[in-house]
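Let's take a walk through this structure together, one region at a time. Keep the viewer open and follow along as the residues come up.

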Amino acid sequence: MHGGNEKFSWKNVLPNCKPITRVLSAGYDPAFSEMSAKTPIFPTSTFLFKSAEHGERFFYLMSHPEERGQDEDPGLIYSRMNNPNMEIAEDKMLVLEPGAEDAAVLPSGMSAISTMCLALLKPGDIILYSAPVYGGTEHLFEMVFPKFGIETKPVYSPEASEYRGNLDKYKDRIAMIFIETPTNPTIVHTDIQEIAGLAGEYRSAENGIKVAVDNTFMGPVFQNPIPLGADLVIYSATKFIGGHSDLIGGFVLGKKGDIRLIKSYRSVLGATTDPFCCWMISRSLETIDLRVKKCSENAAKIAAFLADHRKIKKVVYPTVLDKESSQYQIYKKQCRGPGALISFYINGGKKEAFSLLDNVEVCKLAVSLGGTETLIQHPRRMTHADVSDDMCEKVGLTDSMIRLSVGIEDPDDIIDDLKKALGKVG
Ligand SMILES: Cc1ncc(COP(=O)(O)O)c(C=O)c1O
C-alpha cells in the first residue's frame with residue numbers, strides 16, 4: 001500500500017515468520033484504513049493527486065519504473081493500471097511463491113498466459129510446450145498466436161530428449177518453453193529442473209529462452225517452480241487460489257523486469273482485475289494451505305478406492321503410481337503432496353463415462369477445479385473438446401477418461417457416491 005505507518009507496515013511485521021503466517025498480513029497496512037483489521041475494498045476508477053507535480057511524477061514513474069527512488073511511493077493513478085486491492089493480492093501471492101521477485105494479478109488464467117506471451121515474445125518466436133495443456137491454452141497456442149507470427153510446437157512426452165530434439169531443430173527461434181505440470185487432464189509430470197537446465201544450455205546473449213510453468217494444479221502449496229530454475233510461474237487463480245468456484249482470476253510471477261513488462265502490457269491491453277475480485281483472492285489466499293491439504297488428503301483416499309474398482313481400467317494420481325516409474329520419481333522430486341486432481345479411465349468408452357457422470361449425486365457435474373466441492377467432468381467432450389483427434393490420440397485423452405477435482409467434503413461421502421454411480425454403469 002502507499003504511504004502508511006511504520007509500526008503497522010506489513011513489511012516490518014513478522015519478517016521471520018513462515019509464509020502461511022505472513023500471508024495473513026502481507027500487502028495491507030491498517031494505518032491507512034481507519035485501523036480496519038481486515039482489508040477494505042477500494043471501488044474507485046481513479047485516484048486524487050496531492051498536487052500537479054505529484055501527478056506528473058506518478059505518470060513519469062509509470063513509464064520509467066527503474067528510476068523510482070528506494071523509498072519513493074510509485075503512486076496510484078487509475079485502476080486499469082493499478083489499485084490497492086490489486087497490490088494487496090500481488091503482495092500476498094508473492095509471500096507464497098519462493099524465488100519470485102514480483103507478481104502481476106490478471107483477470108483470468110488465460111489472460112495471465114496471453115498477456116505474458118504478448119509481453120515477452122515477438123513474431124518469429126517459437127513456444128515449445130508440454131502437450132496436452134488446458135484446452136483454452138491449446139486453442140490460444142494453436143489457433144490464435146500463429147495469426148500474430150508466434151509459432152508453437154507441442155512436445156508429447158515429458159522426456160528431456162524430446163525437448164532437446166526440438167531445441168536442436170529450431171535453434172535460436174525457441175524463445176519460451178511452456179510447461180504445464182502436471183498436465184490437464186492427463187496428470188503427467190514434467191521435470192522442471194531438467195527442462196530449466198536444458199534451456200540454460202541453449203540460452204544465448206541473443207536468445208534468453210524463458211521457462212514458464214503453469215503451476216495451477218500443484219502450486220503454490222505443493223510445488224514451486226522458481227527454485228527449480230523456472231523464470232515465470234503462471235496460475236489460474238480461478239482454481240485453488242480462489243478456491244470456492246466463485247471467481248475468475250490469474251497470476252504471473254517471476255523476475256522484476258519481466259513482470260514490469262507484463263504489467264505495462266496489462267495496462268494497455270486493459271487486462272484489469274476488479275477490486276472486489278482482488279479482495280476475494282486476498283481473502284482466499286489466507287486459507288489456501290488448509291484447503292489444498294484437505295482436498296489432497298481426500299483425493300488420496302478416493303484414488304485408492306478407484307484404483308481397486310473392477311470397472312476402472314486405470315487411475316492416474318501420484319499415490320497410485322508405480323513407485324519405480326519415472327513419473328513417480330519426478331513427482332517425489334518436485335512436489336510436496338499429491339494434489340486434488342485425479343484422472344481415471346473407465347472400462348468402456350463415452351457411454352460408460354457419461355453414465356457415471358449422470359449418476360453421481362454428491363460430486364457435481366461441472367468443469368473447473370480447485371474448489372471446496374468435488375467436481376467431475378469428461379475432458380474429451382468438455383474442457384478439451386477443441387483439441388485435435390491426433391493430439392488426443394498421442395496423449396491418451398480418450399472417451400473413457402474422467403477428471404475428478406476433489407473437494408473438502410467427507411471423502412467417504414464421495415466414495416459412496418462414486419460406488420453407487422459405478423454400480424449403475426452397464
Ligand atoms: C492448468 C490451467 N491453466 C489455465 C487455465 C485457464 O484459467 P482461467 O479459466 O482462469 O482462464 C485453466 C483452466 O481450467 C487450467 O486448468
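L269 sits in helix α8, which covers residues 256-269. Please keep in mind that everything here comes from a predicted model. Is L269 buried, exposed or something in between? At 46% relative accessibility, L269 counts as partly exposed, because the buried class stops under 20% and the exposed class starts over 50%. If you leave aside neighbours within four places in sequence, L269 is in contact with T115 and L118. For a sense of scale, pick L404 as well: its C-alpha atom is separated from that of L269 by 34 Å, and the two residues are 135 places apart along the chain.

Next, have a look at helix α9, residues 275-285. At its start, a side-chain oxygen of D274 comes to within 2.9 Å of the backbone nitrogen of F276. Helix α9 is mostly covered, with eight of its 11 residues buried. These are P275, C277, C278, M280, I281, S282, S284 and L285. What do the buried residues of α9 pack against? Their partners are the helices α1 (19-25), α3 (84-96) and α10 (288-307), together with the strands β1 (102-106) and β7 (250-254).

Two cysteines in α9 deserve a closer look. C277 is buried, at 9% relative accessibility, and the cysteine sulfur closest to its own belongs to C278. Why is there no bond between them? Their sulfurs are 6.0 Å apart, which is too far, since a disulfide calls for sulfur atoms within 2.5 Å. By this rule, the count of disulfides comes to zero. Elsewhere, C392 counts as buried too, at 2% relative accessibility.

I281 of α9 also leads us into the protein's interior. Together with M116, I127, F178 and F251, I281 ranks among the residues with the most contacts inside the largest nonpolar core, which has 74 residues. Helix α4 (residues 109-120) gives this core its largest share, six residues. Domain 1 and domain 2 each supply at least three residues to this core. In general, nonpolar side chains in soluble globular proteins tend to be buried together.

I127 makes a good place to pause in this core. Not counting residues up to four places away in sequence, I127 touches C117, L121, F141, F145, I150, E151, T152, K153, M176 and F178. Apart from the largest core lies another one, of 26 residues, including A299, A303, F305 and I402.

Zooming out, the domain assignment of the protein chain gives domain 1 (10-44 + 79-285) and domain 2 (288-424). Taken over C-alpha atoms, the centres of domain 1 and domain 2 are separated by 25 Å. How many residues of each domain are in contact with the other? The tally is 42 residues of domain 1 and 39 residues of domain 2.

Finally, let's turn to the ligand. The residues that surround the ligand are S108, G109, M110, Y134, E180, N184, D214, T216, S236, T238, K239 and G249. A few distances will be handy if you like to think in atom pairs. A polar side-chain atom of T238 lies 2.6 Å from a ligand oxygen, while a ligand nitrogen is 2.7 Å from an N or O atom in the side chain of D214. N184 joins in as well, with a side-chain N or O atom 2.9 Å from an oxygen atom of the ligand.

Key: Residues numbered from 1 in each chain as written. Predicted model: local features only at pLDDT ≥ 70, side-chain atom pairs only at ≥ 80, totals over all residues. Heavy atoms only, no water. Core = buried A, V, L, I, M, F, W, Y, C linked by side-chain atoms within 4.5 Å. Buried < 20%, exposed > 50% of the residue type's maximum accessible area, 1.4 Å probe, protein only. Helix = DSSP H or I, 4+ residues; strand = E, 2+ residues; numbered from the N terminus. Domains from an automatic or database assignment. Contact = heavy atoms within 4.5 Å. Near = heavy atom within 4 Å. Polar contact = N/O pair within 3.5 Å; in protein donor to acceptor, adjacent residues only side chain to side chain.
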